[in-house]
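Notebook open, structure loaded. I wanted to see what sits inside this protein and what the helices pack on.

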Amino acid sequence: MRLANHLSGKPLYDWVLLSREGGGERASNGIPVGVDHSYVNAPLLSTLVVCAGIDGHWFDDLYVLAWLRRMATKGMALGAICTASHILARAGLLDGYRCTVHWDSLASFTENFPELVVTSELFAVDRNRFTCAGGTAVADMMLHRIAARHGEDLAARISEQMLHDKIRPPPCSRMRSSSSRWAWSGRIFR
């Protein structure tokens, strides 16, 4: 989004970081992250992206889930990165929408939410919901969203700036299973 603003020469996007209490949070790697507002004091948003790392499947804060449901009634687009799909699903906000989650959580996600339409694609966009598998899938999903809103040329220029060799489109991009990941064998990748 920053590159979209930079390359277009216009403020196409702005963002705020939220937490329940409005105080700083720690990322899953332990790095402190500054927060702009509490959920209660959040400005009116058109899009809300829920981020979660390794433990997103454990998140069960009833206050936050209720707040997410209230935000959904205001018509905002809702997204989830990596295991945050568990959070939107637990709030009932993926019912009737195609969605995805990180491959490592795919089995437990489909078991816990059997009524959902879950895909193993890198990202899924279904009306005003968008989810991705995390990692580099975030870049592909956001480039897809930027292209849809501001044109493929801008998305291609952003991809080039990111040294992202090509924008992987849905639905042809599939996640690898754990058994087909790259393995190191001597000096050759196979």
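I started with burial: 38% of the 190 residues in the protein are buried. I keep in mind that this is a predicted model. I counted six helices and 12 strands. For contacts with a separation of 6 or more, I got 54% from residues 24 or more positions apart. The exposed surface came out at about 11300 Å², with 53% of it supplied by carbon and sulfur atoms.

**Cores**

Next I looked up the largest nonpolar core, which has 27 residues. Leu48, Leu68, Leu88 and Phe109 have the most contacts inside it. I then asked which elements feed this core with at least two residues each, and noted β5 (47-52), α2 (62-73), β6 (77-82) and α3 (84-90) among them. The largest share is from α2, with six residues. Another core, of 11 residues, lies apart from that one, and its members include Ile81, Cys82, Leu122 and Phe123. This fits the general habit: in soluble globular proteins, nonpolar side chains tend to be buried together.

I checked Leu48 by itself. Leaving out residues up to four places away in sequence, Leu48 touches Leu18, Trp67, Leu68, Met76, Ala77, Leu78 and Gly79.

**Helix α2**

I went through α2 from its start. There, a side-chain oxygen of Asp61 comes within 3.0 Å of the backbone nitrogen of Tyr63. The helix has 12 residues and spans 17 Å from first C-alpha to last, close to the 16 Å expected at 1.5 Å a residue.

Which residues of α2 are buried? I listed Val64, Leu65, Trp67, Leu68, Met71 and Ala72. Down the axis of α2 the buried residues fall within an arc of 160 degrees, so I read them as lining one face of the helix. On the other side, Leu62 and Thr73 are exposed. The buried residues of α2 pack against β1 (18-19), β5, β6, α3 and β10. Just after the helix, Gly75 has a positive phi of about 85 degrees.

I zoomed in on Trp67, which is in α2. Trp67 has a relative accessible area of 4%, so I put it down as buried. Outside its neighbours within four places in sequence, Trp67 is in contact with Leu18, Tyr39, Ala42 and Leu48. A polar atom of the Trp67 side chain lies 3.5 Å from the backbone oxygen of Tyr39. I also took one distance: Trp67 and Ala91, 24 residues apart in sequence, are 9.2 Å apart C-alpha to C-alpha.

**Helix α5**

Then I turned to α5 (residues 137-150). Its 14 residues should span 20 Å at 1.5 Å a residue, and the end C-alpha atoms are 20 Å apart, so the two agree. I found Ala137, Ala139, Asp140, Met141, Met142, Leu143, Ile146 and Ala147 buried in α5. What covers the buried residues of α5? My list includes α1 (2-8), β6, β9 (123-126), β10 (129-132) and α6 (152-161). Gly151 follows α5 with a positive phi, near 105 degrees.

One residue made me stop: is Asp140, in helix α5, buried or exposed? It is buried, because its relative accessible area is 0% and the cut-off for buried is under 20%. I looked up its partners too. Not counting residues up to four places away in sequence, Asp140 touches Leu122, Phe123, His164, Lys166, Ile167 and Arg168. Leu122 and Phe123 are also among the residues of the 11-residue core.

Technical notes:
Residues numbered from 1 in each chain as written. Predicted model: local features only at pLDDT ≥ 70, side-chain atom pairs only at ≥ 80, totals over all residues. Heavy atoms only, no water. Core = buried A, V, L, I, M, F, W, Y, C linked by side-chain atoms within 4.5 Å. Buried < 20%, exposed > 50% of the residue type's maximum accessible area, 1.4 Å probe, protein only. Helix = DSSP H or I, 4+ residues; strand = E, 2+ residues; numbered from the N terminus. Contact = heavy atoms within 4.5 Å. Expected span 1.5 Å × (residues − 1). Arc of directions from axis to C-beta. Polar contact = N/O pair within 3.5 Å; in protein donor to acceptor, adjacent residues only side chain to side chain. Areas by Shrake-Rupley, 256 points an atom, 1.4 Å probe, with all protein chains shown as cover.
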